[in-house]
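Please read this report alongside the structure shown below. It walks through chain contacts, symmetry and charged pairs.

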4 protein chains.
Amino acid sequence: MFKSIPKFAAARVREGRKVRRLVLSCRKLLTERGQAAGASLARMTADLYRELDKREQARFFAVLRAEFSPDPTDVLAASQAYAAEPSAVNLSRLCVAAEPPRQELLRRLNRATGGTAAILRMRERLLELKRDQPELEAVDWDLRHLLSSWFNPGFLQIVRVDWHTPAYLLEQIIAHEAVHEIQGWDDLRRRLEADHRCFALFHPALPDEPLIFVEVALLDRMADGVSPLVEAQPFSHDPSRATTAVFYSISNCQPGLRGVALGNFLIKNVVDVLSAEFPRLKVFCTLSPIPGFAAWLGLLLKGADMGQSKPLAQALRAVASELGPDVTKIANDPDHAVERLASLKELLMQLCATYLMQHADGGEPGRDPVARFHLNNGARLERINWLADASKKGLRESLGLMVNYLYEPRAIEGNHEKFIRGEIVASRRVRGLALGE
Amino acid sequence: MFKSIPKFAAARVREGRKVRRLVLSCRKLLTERGQAAGASLARMTADLYRELDKREQARFFAVLRAEFSPDPTDVLAASQAYAAEPSAVNLSRLCVAAEPPRQELLRRLNRATGGTAAILRMRERLLELKRDQPELEAVDWDLRHLLSSWFNPGFLQIVRVDWHTPAYLLEQIIAHEAVHEIQGWDDLRRRLEADHRCFALFHPALPDEPLIFVEVALLDRMADGVSPLVEAQPFSHDPSRATTAVFYSISNCQPGLRGVALGNFLIKNVVDVLSAEFPRLKVFCTLSPIPGFAAWLGLLLKGADMGQSKPLAQALRAVASELGPDVTKIANDPDHAVERLASLKELLMQLCATYLMQHADGGEPGRDPVARFHLNNGARLERINWLADASKKGLRESLGLMVNYLYEPRAIEGNHEKFIRGEIVASRRVRGLALGE
Amino acid sequence: MFKSIPKFAAARVREGRKVRRLVLSCRKLLTERGQAAGASLARMTADLYRELDKREQARFFAVLRAEFSPDPTDVLAASQAYAAEPSAVNLSRLCVAAEPPRQELLRRLNRATGGTAAILRMRERLLELKRDQPELEAVDWDLRHLLSSWFNPGFLQIVRVDWHTPAYLLEQIIAHEAVHEIQGWDDLRRRLEADHRCFALFHPALPDEPLIFVEVALLDRMADGVSPLVEAQPFSHDPSRATTAVFYSISNCQPGLRGVALGNFLIKNVVDVLSAEFPRLKVFCTLSPIPGFAAWLGLLLKGADMGQSKPLAQALRAVASELGPDVTKIANDPDHAVERLASLKELLMQLCATYLMQHADGGEPGRDPVARFHLNNGARLERINWLADASKKGLRESLGLMVNYLYEPRAIEGNHEKFIRGEIVASRRVRGLALGE
Amino acid sequence: MFKSIPKFAAARVREGRKVRRLVLSCRKLLTERGQAAGASLARMTADLYRELDKREQARFFAVLRAEFSPDPTDVLAASQAYAAEPSAVNLSRLCVAAEPPRQELLRRLNRATGGTAAILRMRERLLELKRDQPELEAVDWDLRHLLSSWFNPGFLQIVRVDWHTPAYLLEQIIAHEAVHEIQGWDDLRRRLEADHRCFALFHPALPDEPLIFVEVALLDRMADGVSPLVEAQPFSHDPSRATTAVFYSISNCQPGLRGVALGNFLIKNVVDVLSAEFPRLKVFCTLSPIPGFAAWLGLLLKGADMGQSKPLAQALRAVASELGPDVTKIANDPDHAVERLASLKELLMQLCATYLMQHADGGEPGRDPVARFHLNNGARLERINWLADASKKGLRESLGLMVNYLYEPRAIEGNHEKFIRGEIVASRRVRGLALGE
């Protein structure tokens, strides 16, 4: 046993030279000497990480997991002492013993200029690796914990994005739009006209990179289809008469921030900002995709037994006889899709309501990821819209259907609480469509 | 016993109505419903705190201590599981169990606009209360932990303060200067002339409040007295010829950030900024007060036995025969002080070196708080200056003596490490002055 | 005669070496070569001027007058041609012939960085010299003409001055306040509280120098005395309830812009800005000094015969018997002034109204310079206030009296027109006070 | 005759209702009442103009010409008085009499918010009309005179345009690029890479509209063709090694500023800015089109007798036998152009040099408008480049040839002066190519 680094004996991973240098730099950063070196050592350490290739990165994370975890013996001793006497001294010893040294390491790395950006890139890679190495969750827990604290809404700034925004930021908006692809600069310009709004969140340590953004259309009714939203508007010169704000796209720009709640905060802030600018606005809703509907339908049609009720079974048979077992094929011929789907309108609306009202396998409310996001934020499942997105992607994912989720400021807290308790809050109309089980 | 809040049984403190409402609001903020409410509930909670008077604040902190601590049984169970199997799942359970719920409460409070400022005011009050109630250290530990993470150097901005700075910021500089009082706006203006620099650190969540600032004079030599620094300069029109930057004052503006290291980072950043602007600058040093010298001398003269060596005992006798047992009286008659001290110059320089080279009672290096700050930052005790501050305050605190600490960029890390190991790094000259023990 | 510079034969002034170099540089600037040299030659010329001492400046202006004027023969020929045939060609030839070459010289000088500032300093000096050398009016005419075109209101920016304004600008506000001296920074701060406003005009070429500024107090009535305006206010926390904006001070910062109308534009803009911010504001008025009242009274008391009417003569006798012939002496003993003036209140109010309603010697409406400024801007002489400024200066200038001029947006044009036709627009109350002639 | 408006008797133009209202508003603006109305009347007048259609605009300019000119009788009297006695009073009377009232009218219009922009739009229209109505030159003279004074270089700001510039400004750069068309946003982005620079001039009264901009490539040699300039660069990551700045495009954005010299000032400023940023830059040159070369050649080939010398005549015959009489046809088949032109290289280079060295018909130096612009700015005709722009446009205009003009800071003044005297400054190489006459 090597006396000088007893705690690190666990590090059995075979590391390359570059990884070893980085790990040494990390160890040094955690010492007192590293404390004095301040930002310069942090910068050097970040630079060493930047030089790693993909495989070396994987090794580094393995070391982070193995070596920079709390010492089980220490923690046990500290918690026994705290259980015996819950004094301030024992509590702070417990906190110190139980906190993985990784966290302090990351806090010191963050002192470097560009440190926050470097840590976000690290986590981006870690999330990739976690798919095959679930044990890396231990490292990711710390990253997520720190990022949630650092990207606290109180530190974020909401910024309006429009045609006066610098080009390098608009370019990122084009690149990251995940819901309705932006077809270049002319398309973007249309979406920034007077009757549209786009807002992004920024963190002061990343002034050049939006974190997340939302696109809003100002209308005189709840939108029932996507085309008027992303195309030129008839009333575009007088948004002050709008009564309804439709959030038709919300996109994350930072994969490294997955799991750090930003969308909820952004939506609520934008509701406040818009209410102040347009006193006539009364309705705040989304027009949202249903990414899992067609896939769920496909499973059922292929015979998956989900204990279907009789009406559900009947509806499925009717759909199958018209569309065949693979409903997503409808997307291959978008020109005739509308026609072929027409006769199934009522059935598909019912099936969709049934899907959206279903609980996930673990019993959690909401099967659909988009539904879960908005319901958890306190929105209500308000309306299902027929042929709202007849694009290839829209047909393939959800046979052209889309949903409005309604954000009613005074109901948000209550709705969220119901969701937490397992209830799916929906309008009478949608509930009426769902097929009994 | 109330089934619904079993954990809170420990809260035995008698609270008033306002405190109860605030505590209820804090509990709610920690629930899922509070999660959805987002910033609005946080804002409300911060408002409730703001309405408390000083006594109610004390009660609230008592509740924070009693109620929002980790549950000893939970922690013990979690650490036993982790000791048995240090898996990712067990680790994250441990982390959750061991972290005081106060931390998450503070993170959620921080979501409100002005949340960070509110938390700083809270800690300011807590530090007052801690003097008489050391058990509040448990609460303070969490505050300090979070503030250190949030006020990470990577998030701070360094800003030059000069005559182009808005008046409301300059006003705060005048108010917070702690070393050499600024006598109004004309005095401030002189200190912002071309051969002076002033830099402050800001946090993006507090854009209107400097955290800490440092004042620097650009000279052609290491300053041996304070008057030329704060008075008009002969070479003020060409600071580009300066070879020496003298940091003559460093002041904190946020009592709520006590214990969060900022000064170290500020000094090192200013060294970088100045080096870039003035390539001829070679020496970076301070001109610092010695706040504890006269008091220490007084103790010795009053007979305190510190196991004095013979030379020390002789020196003390000589001083006593000239100044009497209470050396601070010299400050009562500043006009004749210079004359009376003249004959004691050598002895006092020796005594001062002895004082500065002494370890604190606990064996820590550095008795003097200012010395400890700079030595811990990696500076070297470079020179003791005779009659460097002949003001009333200077005479009373240190019989007019001041010190230069030297920041040599390449030696900083090593010096800090020596300090950590218990060594006081000093120039040969200062070491030569110290009286053997 | 030197063939190459025939036009310059008129230059008979004895110039020194520096002036000669400057004049050569000016001549060159006007040539084609100067055109190509662009800003560099302009900068050099401005530098040469800056090196002149006061006497050399005087010589330079003499040359500007003698040498850079239009050629009488050319002008006559051009106007004869234009009279014979008013064609475009003949007109442009006339314009070229009649415009003094000084104007093009100044336009080219203005190309230099800092050119506009240099020209303002030039005019400042010229205005001093003009007092004794009225013939310099020829040069000043051109400067005033160009400055009026360059400082066109369309090019000016109105900026709010408050406690967030950089110190170097506030310093200029303190220095230039001409009506009620600002006693340092604390006094300034009071005048920038929530119930006060200060606005300044800036020109983009002089971003660091305010041109003119106005101070406004927001009140619930028309102010009848100066002290509440410049002192702390009881309602300072809610200016939104104010009904009346009192312009209590308007000061020029640029002596070189004398005669270029800025105050008129500033006042009207501030009325617009304040109306937009405070919808309850109904009354916009000034509280103004009467700088010439006491002097005028003195003249009459010393026997000047202005064809006084009987009531006027009686009033004068009464004043003389109480105050003696030199009324300004009252200012020597401000402590007893109030008492001594009390019995004369009605008479002095009448005399003041009489003074203000009087025409100047040339028959122009308004004797008093301040009255003339506001009446010409379209304001109405609204009210005379007794003991409104009991300061030494206030007593000496106007025995403590002050006036409110009222700016009623809809009446401004009409009032101005009446003023132009020779009428003094006053309220019924003031007219009632004036003693018939 | 109408007594009240005797001066306006000349106004014989038939005006419509809208034009009449505008003219009345202009007359009012020039009165004293208009003076007091200030910006509001100016704004109203500008609004009235904005409502005119194209024909009404023409009528309005006719009135401006007829009615707002100086009165010939007044001018004659004033110049006679000035000739008799050139006093200051007589001079200022002359200035007033000779200045067209239009100028004061425009100055007062300019007081309105957006006044400057309105006046630029007016002039844009006037320039169109002047083509058929040369008598409008009288009005244009005044506009040009005022705009030259207002858009004085001393008032302009030079701004770097890059990928951080707001999109609405970049959009204008794309729209106004007149030399090498920008093919959308991706193309623009390439031109704003690290080894390119783009600078624009702005006037403070038009902060949203660039006046003129220049595109520069940073290279290690003088560019001999256009393609490397507008395409991606090999050394784009280290422009600091560049020795040569090539100005490859300069474009005006404001047709209303035609004749107001801006390009000269922009180029010289950019030379200064680049010299400061890149100390290694030694050569500043253009790569410029020769818009008139092919047309001139065509004229000669069609037999125009310009008194050709023998070598010139021979060269022409050779070109004609290869390309036929209409040389611009070569542009119809760009794919084979290079091949067909190859054998004519030497002859065409000689003909081009001959063309560029020729004087215009009036004897002015420089036939080609681009040549005239740069030579007048003080540049030297440095090099003719073979097949430098093989685009369709390049072939049609100049058979693919382009020129480098060299800006040598120290030679600029001298070169300009030579140009003024009628000399075309060219390198020995270019002079050697020109065919003797």
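What follows covers the contact between two chains, then symmetry, then single residues, then salt bridges.

This is a predicted model, in which local features need pLDDT of at least 70, side-chain atom pairs count only at pLDDT 80 or more, and totals for chains, interfaces and linings use all residues. Residues are numbered from 1 along each chain as its sequence is written, chains are lettered from A and ligands numbered from 1 in the order in which they are written, and side-chain values use heavy atoms, leaving out hydrogens and water.

## Chain D against chain C

Start with the contact count. Chain D places 53 residues in contact with 53 residues of chain C. Contact here means heavy atoms within 4.5 Å.

How much area do chain D and chain C bury between them? The value is about 4,600 Å², and 66% of it lies on carbon and sulfur atoms. Buried area is the accessible area, taken with a 1.4 Å probe, that two parts lose on being put together, summed over both. The size of an interface is often given in this way, as accessible area lost when the parts come together.

Two salt bridges are counted between chain D and chain C. The term means a side-chain nitrogen of Lys or Arg within 4 Å of a carboxyl oxygen of Asp or Glu. Glu413(C) and Lys28(D) meet in a salt bridge, at 3.5 Å from N to O. Polar contacts add to the picture: 11 residue pairs across the interface of chain D and chain C, both residues at pLDDT 80 or more. A polar contact is a pair of N or O atoms within 3.5 Å; within protein, one must be able to donate a hydrogen and the other to accept it, and residues adjacent in sequence count only if both atoms are side-chain atoms.

Several helices of chain D each supply at least two residues to the side that touches chain C, among them α2 (32-37), α5 (72-84), α9 (137-150) and α20 (412-420). Helices (H or I, at least four residues) and strands (E, at least two) are DSSP runs, numbered from the N terminus. By class, that side of chain D has 26 nonpolar, 15 polar and 12 charged residues. Ala, Val, Leu, Ile, Met, Phe, Trp, Tyr, Cys and Pro count as nonpolar; Asp, Glu, Lys and Arg count as charged; the others, Gly among them, are polar.

## Symmetry and separation

Two copies of a chain are related by a rotation about an axis and a shift along it. A turn of 180° and a shift of 0.1 Å along the axis lay chain D on chain C, with an RMSD of 0.1 Å. That is the relation of a two-fold axis. Copies are superposed by least squares on the C-alpha atoms of residues with pLDDT of at least 70 in both. The interface residues of chain D are 100% shared with those of chain C, so the copies meet through the same surface.

Chain B is superposed on chain A by a rotation of 180° with 0.0 Å of shift along its axis, at RMSD 0.1 Å. Here too the same surface serves both copies, as 100% of the contact residues of chain B recur in chain A.

Other pairs stay apart. Chain A and chain C do not touch, and their nearest C-alpha atoms are 16 Å apart. Chain B and chain D share no contact either; their closest C-alpha atoms lie 16 Å apart.

## Residues in loops

Thr328(A) sits in the loop between α15 (310-323) and α16 (334-342) of chain A. Is Thr328(A) buried, partly exposed or exposed? It counts as partly exposed, at 25% relative accessibility. Buried means under 20% relative accessible area, exposed over 50%, and partly exposed in between (1.4 Å probe, protein chains only). Thr328(A) and Leu395(A) are 67 residues apart in sequence, yet 7.0 Å apart in space, C-alpha to C-alpha.

Leu399(A) lies in the loop between α19 (392-398) and β7 (402-406) of chain A. Its phi is near 50°, a positive value in a residue other than glycine. Leu399(A) is buried, at 0% relative accessibility.

## Salt bridges within chains

The structure holds 100 salt bridges over all chains. Three of them are listed here.

| Pair | Closest N to O distance |
|---|---|
| Glu417(A) and Arg421(A) | 3.7 Å |
| Glu104(B) and Arg108(B) | 3.0 Å |
| Glu215(D) and Arg191(D) | 3.1 Å |

Glu417(A) is buried at 19%, whereas Arg421(A) is exposed at 65%. Glu104(B) and Arg108(B) both lie in helix α7 (residues 101-109) of chain B, four residues apart. Glu215(D) and Arg191(D) are both buried.
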